[in-house]
Structures are given as C-alpha cells and as structure tokens.
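Here are my notes on the structure you asked me to look over. Please keep the sequence and the 3D view open while reading.

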Amino acid sequence: MTYISDILYWISTGLLVPVVLVLIFLFIRALILLGGFFGQYQSMRRNEALLRRPLEKLNAANLDEFEKMLPEQTTDSTVIYIRRLFEARRSPAQIEHILSEVEIASDKDLSLSVTLAKMGPTVGLMGTLIPMGPALVGLAAGDIASMAYNMQVAFATTVVGLFASAIGFLTKQAKQRWQMRRLSDLELIASLINEKENRSCAAAE
C-alpha cells in the first residue's frame with residue numbers, strides 16, 4: 001500500500017508544472033477573449049443602432065427598402081448573413097442552410113467562453129490540491145519555508161483559475177443573448193423573404 005501511495009504522490013506532484021502551464025495559457029486566453037469581447041460589443045451596438053428600428057417595422061412589403069439600406073462595404077457578420085439571405089431568396093433550402101451556418105458559427109463563438117468557464121475551476125482546483133501534499137510534508141518536517149511556498153502556489157492557482165472561469169462565464173452569458181437576438185432577427189428576415197416569394201409565385205400563377 002505504501003508503494004501505491006508513493007506512486008500516486010509522485011504522479012500528482014509531477015502534474016503541478018503542466019497544471020501551472022495550463023493555467024497560464026487559460027489566463028492569457030481569457031485576456032484575449034476579454035479584448036475581443038469589447039470589440040464584439042461595439043459591433044453589436046452599431047448593429048442595434050442601424051437595424052433595430054427597421055427590423056421592428058419590417059414586413060414583406062418593405063423588404064426591398066430594407067435591403068437597400070444595408071451598407072455595401074462591411075465586415076460585420078450579421079449584415080453579411082442578411083445579404084446572403086437576400087441573395088438566396090429564391091431557394092428556401094439555401095436559406096435554411098444559411099441559418100444553420102449561423103447556429104454553427106454561434107456555437108463556435110461561444111466555445112472558448114464555455115471552455116474557460118468549465119476548465120478554469122477544474123484546473124485551478126488541481127493546482128490547489130497538488131501543492132497541499134508537499135506543504136503538509138514540510139509542516140511535518142518543520143520546514144515552514146517550504147510549506148509557505150507550496151501554500152502560496154496553491155492560493156495563486158486558485159485565483160488564476162477562478163479569474164479565467166469568471167471571464168468565461170460572463171462573456172458566455174452576454175454572447176448567448178447576442179447570438180439569440182441575431183438568430184431571431186435572421187429567422188424573421190428569412191420568413192418574410194419566403195412569404196414574399198410565395199406571394200409572388202401565387203400572383204404569377
């Protein structure tokens with residue numbers, strides 16, 4: 001039993017460096033995510049100013065006017081998807097495919113936030129528990145300096161893990177609302193396009 005315990009102790013102790021490296025990576029990714037989040041927020045605010053009022057009054061009769069008011073040159077994904085919907089107006093299958101692409105893109109956009117929210121506490125807890133073993137050994141041996149160092153590592157990894165997790169959770173909550181709003185707007189436009197095309201086909205007959 002002693003050998004098994006020693007093996008487990010060596011394994012857990014050997015995992016400390018990889019865990020710390022992963023936490024540093026998660027911390028850097030959280031900072032990058034935070035910067036991108038503010039850029040995405042600014043883009044969302046511009047979309048709200050440009051599209052919200054026209055979307056509230058949108059119907060099958062004024063779809064052409066709505067299409068003309070869209071900016072010609074833009075890098076905004078929402079406007080690009082709207083333009084693609086208008087280009088595929090004669091193909092309901094293509095419209096459905098575009099909406100599916102939007103859902104896939106939304107999941108991809110949320111993936112980093114979800115990963116940080118889940119992995120941050122997990123890796124942080126590992127970084128907390130691993131140094132506790134050497135800290136207890138140092139306490140038993142009367143090596144206060146070693147115990148203090150290991151406790152410092154334990155607390156630091158906890159803080160970093162919780163920080164990354166908090167960034168992931170908060171950005172996930174906000175992005176989910178933005179993505180749901182965007183998908184709802186695109187589904188409205190797609191439905192009105194299909195409605196207008198069905199009316200045109202019925203009138204032609």
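The points below go from the whole chain to single residues.

1. Status of the model. This is a predicted model. Every value in this note should be read with that in mind.

2. Elements. The protein chain has 7 helices and 0 strands. Read from the N terminus, the order of elements is therefore α-α-α-α-α-α-α, with helices and strands numbered in that direction.

3. Overall dimensions. The C-alpha trace of the protein chain spans about 90 × 35 × 25 Å along its principal axes. The radius of gyration of the chain is 26 Å, whereas a compact globule of 205 residues would have one near 17 Å. Please check these two statements against the view on the screen.

4. Contacts along the chain. Consider the contacts in the protein chain with a separation of 6 or more: 76% of them are between residues 24 or more positions apart.

5. Surface and charges. About 12700 Å² of the protein chain is exposed, and carbon and sulfur atoms supply 65% of that area. Of the 205 residues, 34% are buried. The chain has 20 positive and 20 negative charges, and the mean positions of the two sets are 5 Å apart.

6. The largest nonpolar core. Which residues touch the most other members of this core? They are F66, I82, L85, F86 and I189, out of 22 residues in the core. Two or more residues each come from helix 2 (16-56), helix 3 (63-69), helix 4 (77-87), helix 5 (92-129) and helix 7 (144-204). Helix 7 gives the largest share, 6 residues.

7. L85 and the other core. Beyond its neighbours within four places in sequence, L85 is in contact with I95, I98, L186, I189, A190 and I193. Another core lies apart from the largest one; it has 12 residues, including L16, V19, L116 and I167.

8. K175. This lysine lies in helix 7. Is K175 buried or exposed? Its relative accessible area is 4%, which is under the 20% cut-off, so K175 counts as buried. Leaving aside neighbours within four places in sequence, K175 is in contact with L33, F37, Q40, D109, L110 and S113.

9. S106. This serine is part of helix 5. S106 is classed as buried because its relative accessibility is 9%, and the limit for that class is 20%. Its contacts, apart from neighbours within four places in sequence, are Q179 and R182.

10. S165. This residue is in helix 7. S165 has a relative accessibility of 11%, so it also falls in the buried class. Outside its neighbours within four places in sequence, S165 is in contact with L116, A117, G120 and P121. S165 and T122 are 43 residues apart in sequence, and their C-alpha atoms are 9.4 Å apart in space.

11. N194. This asparagine is found in helix 7. How far apart in space are N194 and L125, C-alpha to C-alpha? The distance is 52 Å, for a separation of 69 residues in sequence. Setting aside neighbours within four places in sequence, N194 is in contact with P92 and I95. I95 is also one of the residues in contact with L85.

Methods
Residues numbered from 1 in each chain as written. Predicted model: local features only at pLDDT ≥ 70, side-chain atom pairs only at ≥ 80, totals over all residues. Heavy atoms only, no water. Core = buried A, V, L, I, M, F, W, Y, C linked by side-chain atoms within 4.5 Å. Buried < 20%, exposed > 50% of the residue type's maximum accessible area, 1.4 Å probe, protein only. Helix = DSSP H or I, 4+ residues; strand = E, 2+ residues; numbered from the N terminus. Contact = heavy atoms within 4.5 Å. Rg over C-alpha atoms; globule rule 2.2 N^0.38 Å. Areas by Shrake-Rupley, 256 points an atom, 1.4 Å probe, with all protein chains shown as cover. Lys, Arg positive; Asp, Glu negative; His and termini not counted. Charge placed at Lys NZ, Arg CZ, Asp CG, Glu CD.
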